[in-house]
Amino acid sequence: MGRLNVAALAFRSMALRRCIFSTFRSASTLKSKAASSKATDLYTLNKKLSDILRTGKLNEAKSMFDKMQQRNTVTWNSMINGYVKRREITKARKLFDEMPERDIVSWNLMISGYASCLGYKFLEEAKNLFDQMPRRDFVSWNTMISGYAKNGRMDEAVRLFESMPERNVVSWNAMITGFLHNGDMLSATEYFERMPERDSTSVSAFVSGLVQNGQLDEAARVLTEYGSRGNRRKDLVQAYNTLIAGYGQEGRVDDARRLFDQIPFNCNHRDGRNGEFEKNVVSWNSMIMCYVKAGDIFSARELFDQMNERDIISWNTMINGYVQISDMEEALNLFNMMPKPDNMSWNSMISGFAQVGRLELACDYFERMPQKNLVSWNSIIAGYEKNKDYKGAIKLFIQMQAEGEKPDRHTLSAVLSVCAGLVDLHLGMQIHQLVSKTVIPDVPIKNSLITMYSRCGAIIESRIIFDEMKSPKVVVTWNAMIGGYASHGFAMEALELFELMKRNKVQPTYITFISVLSACTHAGLVDEGRAYFKDMVSEYGIEPRVEHYASLVDNLGRHGKLEEAMDLIKSMPFDPDKAVWGALLGACRVHNNVELAQVAAEALMRLEPESSAPYVLLYNMYADVGLWDAAVEVREMMERNNIRKQAAYSWIDSSHY
DNA sequence: GTAGGGTTAG
């Protein structure tokens with residue numbers, strides 16, 4: 001019995017133990033299930049938080065963050081990341097200081113935040129945190145390196161890079177992009193060649209550097225070399241895109257297209273396969289841009305129509321293409337079709353309408369656009385300036401500042417042109433002061449200053465700015481100064497400067513020759529005028545425009561070479577305009593050539609049926625030589641055509657008289 | 001679910 005009892009007892013106790021154990025176990029399972037479900041909840045909530053942050057709704061994210069019952073380090077880090085991405089570093093730092101536990105990601109985020117705020121103070125704080133953090137990984141080092149690189153401190157970046165315990169491919173890439181960012185192609189090349197292994201980012205970055213340096217053929221070579229190695233070839237599409245865009249910049253559309261066609265598949269097209277080396281939307285956009293830049297709007301449109309999925313850049317590029325060829329109808333068919341026009345789309349329409357002289361439509365779009373930005377103001381102001389509504393431009397410029405928008409170099413450049421148009425030296429000088437106070441003057445701004453001063457007669461001021469500009473000067477600068485001299489009767493100075501320009505091996509443009517020919521006219525240099533006209537065509541390959549013909553006709557006419565002027569007009573490959581006939585008519589009046597005057601006047605009557613000027617001039621000429629019948633006939637014709645005498649001869653250069 | 005390097009426009 002004793003043994004049995006013992007056995008029974010043992011059995012019972014075992015059962016009991018098992019029972020207790022199993023109860024305990026199930027309780028613990030429950031507990032861990034609860035814990036894991038809470039963890040799942042937190043995971044889901046964190047995911048939701050970062051989704052909200054990705055859409056940029058920072059306030060919404062913050063209120064969710066505040067309401068959350070529990071948070072882990074990832075929660076805090078995500079919120080910090082939100083502020084870091086928005087450059088709200090103070091708010092990020094507050095959370096960082098408040099959070100109960102920091103992990104290495106928290107530290108790295110803060111370093112990244114400080115490093116991407118430009119300025120030495122922020123960089124120093126990034127370095128403080130970097131030095132203070134308990135443990136550093138690749139990300140910490142790489143973030144710090146790129147922080148120095150972004151701030152132009154490649155010396156510090158190199159020091160850090162050299163002192164790293166171990167480097168990965170990102171460290172090398174950060175160095176290469178840093179050098180490129182700071183214009184040090186030599187060091188970038190050295191590092192690219194030295195690095196032990198390259199990934200698609202290394203190649204893309206380096207290719208982009210080569211493209212920016214104009215070394216397109218070298219870029220193509222690098223791309224082929226690494227493209228053929230193969231294993232991660234699909235990531236190279238970015239490098240391809242960069243080179244396509246680079247070819248576009250240089251006008252090498254065929255090379256661009258060859259490269260574009262080399263990217264085999266196409267996620268934008270029905271035969272697209274995910275994950276293959278394939279064209280993406282940027283490839284398409286870049287190629288379309290090449291065509292637009294080359295003025296081949298048809299090919300651009302052909303590609304655009306083939307795209308399955310377009311983004312906002314595709315639409316805007318295409319719209320801009322039509323704006324550039326002043327086809328506002330087509331630009332408008334597209335603007336109305338596109339899903340959600342952004343500022344760029346609206347601004348393109350504004351510039352486009354202004355460019356074709358539809359200022360009222362430009363204004364209408366300017367008023368209607370949902371949110372104006374600086375470019376909108378610049379577009380509308382430049383539009384007013386181009387349409388010679390200078391008072392309107394100034395009004396807008398004042399309104400812009402009243403609405404709290406600060407003018408930039410583009411605004412100021414347009415307003416300087418306004419001052420030139422108004423011949424308002426006082427205002428021009430005020431704008432010049434504003435330029436000195438607010439922007440670092442670049443070449444276009446200085447060109448505008450030269451033009452403004454010379455138009456206002458302050459030619460010495462112009463020349464001072466011109467002389468202070470660094471050599472080699474661009475052709476626009478030479479044109480501005482030569483034009484300034486030419487239009488103010490400093491013909492010899494204009495021609496001297498043109499000779500200097502040639503000695504400086506700067507290729508003149510048609511604009512240069514308008515000034516040069518005009519200078520010859522005003523200096524009484526008829527042989528030189530002829531010779532420059534000839535040089536323009538034979539030596540520089542510039543097709544003469546109507547302005548050049550008008551200028552030479554004017555020059556020849558003034559010197560009594562009316563027959564030669566008439567022969568020149570006859571030789572023109574296109575129809576002469578009112579400036580050409582006006583110049584001839586003016587010369588005929590001075591030199592009393594009635595027959596040619598008749599030809600010129602009739603041509604002008606056809607071109608400008610409402611203008612009284614050719615009638616009046618012809619009448620006076622007939623009267624002067626006593627051809628009274630003809631004079632009376634002109635007068636009758638004028639009455640018959642209901643033409644009233646006007647005060648000014650708009651088509652004749654006033655310097656004739 | 002959070003951190004580091006590369007592409008297209010006025």
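At what angle do α25 and helix α27 (residues 475-487) pack, and how far apart are their axes? Keep that one in mind while you load chain A; we'll get there at the third stop. One thing before you start clicking: this is a predicted model.

**The whole chain**

Color chain A by secondary structure. You'll be looking at 36 helices and 2 strands. Now switch to coloring by accessibility: of the 657 residues in chain A, 45% are buried. If you draw contacts between residues at least 6 apart in sequence, 55% of them join residues at least 24 apart.

**The largest nonpolar core**

Next, bring up the largest nonpolar core, which holds 203 residues. Show Met79, Ile80, Leu243, Met287, Ile381, Ile431 and Leu584 as sticks, since these touch the most other members. Then select residues 594-607: that is helix α34, and its 8 residues are the largest share of this core.

Stay with Ile381 for a moment and center on it. Setting aside neighbours within four places in sequence, Ile381 contacts Ala393, Leu396, Phe397 and Met400, along with Thr411, Ala414 and Val415.

**Helix α25 and its partners**

Time for the opening question. Select residues 443-455 for α25 and residues 475-487 for α27. The two pack at an angle of about 5 degrees, and their axes are 9 Å apart. An angle under 35 degrees counts as roughly parallel, so α25 and α27 are roughly parallel. To see the contact, show Val443, Asn447, Ile450, Thr451 and Ser454 on α25, then Val476, Thr477, Ala480, Met481 and Gly484 on α27. Color those by class and you get 5 nonpolar, 5 polar and no charged residues.

Keep α25 on screen and swap α27 for helix α24, residues 425-438. Here the packing angle is about 160 degrees, with the axes 10 Å apart. That makes α24 roughly antiparallel to α25, and α24 passes α25 in a left-handed crossing. On the α24 side, pick out Leu425, Gly428, Met429, His432 and Val435; what they meet on α25 is Ile445, Leu449, Met452 and Tyr453. By class, this contact of α24 with α25 splits into 7 nonpolar, 2 polar and no charged residues.

**Helices α17 and α18**

Move to residues 312-324 for α17 and residues 328-335 for α18. Their packing angle is about 160 degrees, and their axes are 7 Å apart. Since anything over 145 counts as roughly antiparallel, α17 is roughly antiparallel to α18. The crossing of α17 and α18 is left-handed. From α17, show Trp315, Met318, Ile319, Tyr322 and Val323; from α18, add Met328, Glu330, Ala331, Leu334 and Phe335. The contact of α17 with α18 has 9 nonpolar residues, no polar ones and 1 charged residue.

Now step back to Asp311, in the loop between α16 (297-306) and α17. Buried or exposed, or something between, is Asp311? Its relative accessibility is 26%, so Asp311 counts as partly exposed. Apart from neighbours within four places in sequence, Asp311 is in contact with Val281 and Asn285. Put a distance label between the C-alpha atoms of Asp311 and Met338: the pair sits 27 residues apart along the chain and 9.6 Å apart in space.

**Glu360**

Select residues 359-368, helix α20, and find Glu360 there. With a relative accessible area of 46%, Glu360 is partly exposed. Another distance label to try: from the Glu360 C-alpha to that of Ile350, 10 residues away along the chain, is 9.9 Å.

**Ser171 and Val139**

Last area. Select helix α9, residues 169-181, and center on Ser171. Ser171 has 0% relative accessibility, so it counts as buried. Which residues does Ser171 touch, not counting those up to four places away in sequence? They are Asn142, Phe161 and Met164.

Then select residues 138-150, helix α7, where you'll find Val139. Val139 has a relative accessibility of 46%, so it counts as partly exposed. To finish, zoom out and label the span from the C-alpha of Val139 to that of Asp554: they are 415 residues apart along the chain, and 71 Å separates them.

Notes
Residues are numbered from 1 along each chain as its sequence is written. Chains are lettered from A and ligands numbered from 1 in the order in which they are written. This is a predicted model: local features need pLDDT of at least 70, side-chain atom pairs count only at pLDDT 80 or more; totals for chains, interfaces and linings use all residues. Side-chain values use heavy atoms; hydrogens and water are left out. Helices (H or I, at least four residues) and strands (E, at least two) are DSSP runs, numbered from the N terminus. Buried means under 20% relative accessible area, exposed over 50%, partly exposed in between (1.4 Å probe, protein chains only). Contact means heavy atoms within 4.5 Å. A nonpolar core is a set of buried Ala, Val, Leu, Ile, Met, Phe, Trp, Tyr and Cys residues joined through side-chain atoms within 4.5 Å. Axes are lines fitted to C-alpha atoms, for helices over the stretch in contact, and angles run from 0 to 180 degrees between N-to-C directions. Angles under 35 degrees count as roughly parallel, over 145 as roughly antiparallel, 65 to 115 as roughly perpendicular and the rest as oblique. A crossing is left-handed if the near helix is turned anticlockwise from the far one by less than a right angle, and right-handed if clockwise. Ala, Val, Leu, Ile, Met, Phe, Trp, Tyr, Cys and Pro count as nonpolar, Asp, Glu, Lys and Arg as charged, and the others, Gly among them, as polar.
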